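Colleague: Could you take me on a close look at a single part of this model, the place where two of the chains meet? I would love one connected walk through it, with the neighbouring contact brought in for context.

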Number of protein chains: 4
Amino acid sequence: MNIGVIGCGYWGPNMVRNFNSYEGVRVLGVSDLRDERLALIARLYPNVKILSKDCNDILHSPEIDAVVVATPVSTHFSLGMEALANGKHILMEKPMTATTDQAETLIETAEQKNLTLMVDHTFIYTGAVRKIKEIIESGDLGELYYFDSVRVNLGLFQSDVNVIWDLAPHDVSIMDYLLDRKPRTVSATGIAHFDTGIENLAYISVGYEASLMGHIHVNWLAPVKVRKTLICGSQKMIVYDDVEPSEKVKVYNKGVEYVKKREEAYDLLVQYRTGDMLAPRIELTEALSLVAKEFVSSISEKRKPLTDGQAGYRVVRILENANESLRQGGRVTEL
Amino acid sequence: MNIGVIGCGYWGPNMVRNFNSYEGVRVLGVSDLRDERLALIARLYPNVKILSKDCNDILHSPEIDAVVVATPVSTHFSLGMEALANGKHILMEKPMTATTDQAETLIETAEQKNLTLMVDHTFIYTGAVRKIKEIIESGDLGELYYFDSVRVNLGLFQSDVNVIWDLAPHDVSIMDYLLDRKPRTVSATGIAHFDTGIENLAYISVGYEASLMGHIHVNWLAPVKVRKTLICGSQKMIVYDDVEPSEKVKVYNKGVEYVKKREEAYDLLVQYRTGDMLAPRIELTEALSLVAKEFVSSISEKRKPLTDGQAGYRVVRILENANESLRQGGRVTEL
Amino acid sequence: MNIGVIGCGYWGPNMVRNFNSYEGVRVLGVSDLRDERLALIARLYPNVKILSKDCNDILHSPEIDAVVVATPVSTHFSLGMEALANGKHILMEKPMTATTDQAETLIETAEQKNLTLMVDHTFIYTGAVRKIKEIIESGDLGELYYFDSVRVNLGLFQSDVNVIWDLAPHDVSIMDYLLDRKPRTVSATGIAHFDTGIENLAYISVGYEASLMGHIHVNWLAPVKVRKTLICGSQKMIVYDDVEPSEKVKVYNKGVEYVKKREEAYDLLVQYRTGDMLAPRIELTEALSLVAKEFVSSISEKRKPLTDGQAGYRVVRILENANESLRQGGRVTEL
Amino acid sequence: MNIGVIGCGYWGPNMVRNFNSYEGVRVLGVSDLRDERLALIARLYPNVKILSKDCNDILHSPEIDAVVVATPVSTHFSLGMEALANGKHILMEKPMTATTDQAETLIETAEQKNLTLMVDHTFIYTGAVRKIKEIIESGDLGELYYFDSVRVNLGLFQSDVNVIWDLAPHDVSIMDYLLDRKPRTVSATGIAHFDTGIENLAYISVGYEASLMGHIHVNWLAPVKVRKTLICGSQKMIVYDDVEPSEKVKVYNKGVEYVKKREEAYDLLVQYRTGDMLAPRIELTEALSLVAKEFVSSISEKRKPLTDGQAGYRVVRILENANESLRQGGRVTEL
């Protein structure tokens, strides 16, 4: 299988390395508008045959079977559509598209053409998130209560998208994957501290059915780096701290229960429960390696990838609604 | 000056101890509905003359000059009014009242009667918050950008008030004191995970003028204790971590600036700035001791206390609106 | 059972409270040279009958059955002997005596008189140390490899004893209890930074049989508070961090194994093993409460207490030898 | 200037990259016994002309001006001598040699031949250590009291050298650089937990003049990674935590002073001082880049490098004596 990569930013070389590490797979071409990125690839991976500033050299190459679209989000849709039109499977960088309409069209087109559409929700492939998913699926957490995620830093200010489109795809994709529920409402508040009008701070609330909610705080303007997620259930609670070098996932055997005080009465008594904390061993396989593997094997096996177009759509839908709510001063949107 | 204390919960004995430590001040009476609390006071402070289950014994004692109202919030207003009616200065536990209407009536009545009305926003009197205020007033932070506070824990579930009325008074009073601005909008989302219908998790957003916002996360159902506040300005940024045994306040000389790339162009360039971090020495005087001192000296000096009725009103106003927004599914309230 | 307490420092009031909390046990008398300490007891515990600056009022009171000796270490021996001479059981503050000779005499005398001699190695009674002991006894750690303890702080400089006699009793008693082995060698280095000639920094090495050693770092002159102990075995490793508010004990399923590469060869291959980390729930019962309970019940049940005179002796022996080694510039002492 | 690198382990490719980044400098040849290391260099740095399994191809190349010796320590001396014999400047990996005798011969030979001898004490070139040196030289710490370093981990067990020769060169070189004093005594205790007889845990004490000492704890068998150094002075104290992603260096304005109570009396009163903590901004330049720069510029400028043969000798001397003391069960060695 020959892969073409369009857009070679920070992750580009890692993409190439990871695809190349699978037998029978090879990155045949890379395109980027910047000479220095192409030169870097030339130096690191002299076997890449096509190096071009014109993405059409990738999109129209008859030798290329599948295309990675890793350009700014505004170009995702047209590049993805063009790739599909040329009969190529596509791995879309996150967020998959700039709108839900685009997402729907992309999904439909891929289905019509019987081509694989996968979105690179990288965090889903990390050892930490996979371990948390395993714990949730085992039922150990009990009923899910809330998902709370903070991703703040003195981060790179983007000039084309705000902090919601830049950082929240991580948290929203993790939340979508772990909770596996339909969101009902989305609202967001936030602020642009500079003349660009691009929000650098935002809070997103997502309402699920009665007893479950999600909340995400993304922020480019914080003095310390925080990547902390709480996933709380009726039986156990998880703290996932991605900044921790080890012990990223901590499972607390803690909880609260309301019990009736007396049979006949409506009186409720709160009981607190505190037990051990377990930090399970986390597998260290590079997430991007598993992304590459999933893309390649879902194509070979002609099956939906784990993070398929629908997953991409669901994430874009929350981002889009959050952004709309932000524009309207925090108005709650029903989904 | 003779003090009477109505309601002797967790903080009651500390209240007595702190008032007694000032010369010329004495706690003369304590009332509480629970025998064991009165017995505790009797044992620890044998000099307290009046120990009663009937608060009227405090409210109507001609010897008592000032009353501390430290009962559940639903009773604050009537007890405060009764104390004022009997010519007594009042120190109200936070939140000052259950509604803004009550707060306004209390303020007016105290003014008409020329009596001191103070609210016990304890955190305002901690060394950490006083140091942060000092830094903000020095102008070191530059223009204020945002206030973000997280107060979560596997905490005591209250049966009469939700987590907003229980925990957020701390954060809202700190925010009000430090920012010293008029809020324009309030919204809140949250959830009650148990049949009681009392919310145990809430997120509050407060909008100020264009470039400033506040956000508060309060939560009774978290596996770890977090009390962390970010106060971010254009020049410096503060992390206030109340769980830290030392170095509670860290001042980061970090920031972002947008500069024009060229004179004529509209092009903006982001510049990141990273400097030293300073953790100033924090004074360790017990906050409650300074609360007692401020109450006593504002009465003697016939001046408004630092945390006066207006401060109490402003806090209640945000809580009330947050609560209302929560009830309405997160609708944004204009103040 | 009537208890008398000689020496009422920081822990004195807690001692009284804890003994009083057991039915049938009562603190009858307290002596201290300082009026203000006696006044404090009078206020907090009005039921204490004897309050005296003369310890003989305790030692010779016919009503008192057992005496707590909580004075400076230089007076431990004579007070303990006098108490035994008057037929009283004794609970000695740590370190039990100033020399091993004194320790031996005290043990013998208590045995001859059939009186209980217990030493207050408080840490042995904490939930954390009891949990670690339980884990070690279960065999989970495998073969014990080393014990490494750091106890540093900007601490109270003592004027009568050096940092070894002041802080190391904690670590040495924990080490003695957990390892349960005979030490063979002791050496220590350290330094007195001030004219008093009293060492404020010391490192103690204790050699056990071939593959086990202990090391203790005690220090009054450090900018941060550290109380961290590593207990490492062939199968698992424990980090005990007493400064942590929760998760004081962490058990790491980690290790190293040497395996033969080939049957005939002498070649060894190192294999590293990394698994889960478990922070077991720690019981929160106040250690001093269990100390009081053990003293009282070992007297009633006419059995040796958990921390008996021999435990006291073993700790004093290591301290004495460490101190001697320190005096001799670090010379290794064979025990 | 043409550089040759002998031994291409973990750091090898970084060495090549850093030397190549300076104008007029070029890595011309690399030798290593392992084919895969040479292949890696060929791929990453196709400009390296000589790639050989025979180090003589480097040592005898007339085009090569300077040689980096980055092989196991047992071969350092002979390779260094051979390089000098061939008129080449040498940068020796740490520890410089396996014995002080070798160190002395190497120094003498380099001097006779007027060639540069530098040792790669990498940590000396980190932003953190340079900042600490700057603070010490400013006099801010006051009189130096002690240096305490802990470097533990579940680390790579070496098969040719023990943990002293493997890890302690870091701490000893930092200590030598920062304290800049003559050590008087060295002692060490430690233990080999496996049949190899190679110690995996060691404690090293270094005595300086009266009021200064150093202590180092190195350990391959610990469940957590610790790299923490305390450098304590009479005026301020530094905690250098190399595991911290930011705020690696913290300067505490804390201390203790003894003051005379009365003019005539010998009575001393302890006074504790607590002030701000400052975490200065640390420069992020890669240490190895500065190592390469210093080697190149000290050759060009015909001056001693910062970490010259004497620095290498001083480090080897402490390691050698520590190792000898360890062999003798902890006997104190006078230097």
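Modeller: Happy to! In this predicted model, chain C and chain D together bury about 4000 Å², and 72% of that area lies on carbon and sulfur atoms. Strands 7 (144–154), 8 (185–191), 9 (201–207), 10 (213–219), 11 (221–233), 12 (237–241), 13 (249–260) and 14 (268–279) of chain C each bring at least two residues to the side of chain C that touches chain D. Strand 11 of chain C gives the most to that side, with 6 residues. Sorted by class, the side of chain C that touches chain D holds 28 nonpolar, 14 polar and 5 charged residues.

Counting residues on both sides, the contact takes 47 from chain C and 48 from chain D. If you are looking for salt bridges across the interface of chain C and chain D, the rule finds 0. Polar contacts are another matter: 19 residue pairs make them between chain C and chain D, counting pairs with both residues at pLDDT 80 or more.

Now for how these two chains are arranged. A turn of 180 degrees, with a shift of 0.0 Å along the axis, lays chain C on chain D with an RMSD of 0.0 Å. The same surface serves both copies, as 100% of the contact residues of chain C recur in chain D. To find the axis on your screen, go to C:R331: of the residues of chain C, its C-alpha comes closest to the rotation axis, at 3.1 Å.

Chain D also meets chain B, so let us turn to that contact for context. Here 11 residues of chain B are in contact with 11 residues of chain D. The area buried between chain B and chain D is about 940 Å², with 51% coming from carbon and sulfur atoms. Across the interface of chain B and chain D the rule finds 2 salt bridges. One of them joins B:E247 to D:K250, with the closest N and O atoms 3.7 Å apart. There are also 8 residue pairs in polar contact between chain B and chain D, both residues being at pLDDT 80 or more.

On the side of chain B that touches chain D, strand 13 (249–260) and strand 14 (268–279) of chain B each supply at least two residues. Strand 14 of chain B gives the most to that side, with 6 residues. By class, the side of chain B that touches chain D has 5 nonpolar, 2 polar and 4 charged residues.

Chain B can likewise be laid on chain D, by a turn of 180 degrees and a shift of 0.0 Å along the axis, with an RMSD of 0.0 Å. The two copies are therefore related as by a two-fold rotation axis. B:L278 is the residue of chain B that comes closest to the rotation axis, its C-alpha lying at 2.3 Å. Because 100% of the interface residues of chain B are also interface residues in chain D, the copies meet through the same surface.

A last word on confidence. The model scores ipTM 0.95 and pTM 0.95. For chain A, the mean pLDDT is 95, and 98% of its residues reach 70 or more. As you browse, remember that where pLDDT is low, the predicted coordinates should not be read in detail.

Conventions. Residues numbered from 1 in each chain as written. Chains lettered and ligands numbered in written order. Predicted model: local features only at pLDDT ≥ 70, side-chain atom pairs only at ≥ 80, totals over all residues. Heavy atoms only, no water. Least-squares fit on C-alpha atoms with pLDDT ≥ 70 in both. Contact = heavy atoms within 4.5 Å. Buried area = accessible area lost by both parts, 1.4 Å probe. Salt bridge = Lys/Arg side-chain N within 4 Å of Asp/Glu carboxyl O. Polar contact = N/O pair within 3.5 Å; in protein donor to acceptor, adjacent residues only side chain to side chain. Helix = DSSP H or I, 4+ residues; strand = E, 2+ residues; numbered from the N terminus. Nonpolar A, V, L, I, M, F, W, Y, C, P; charged D, E, K, R; others polar. pLDDT = per-residue confidence, 0-100.
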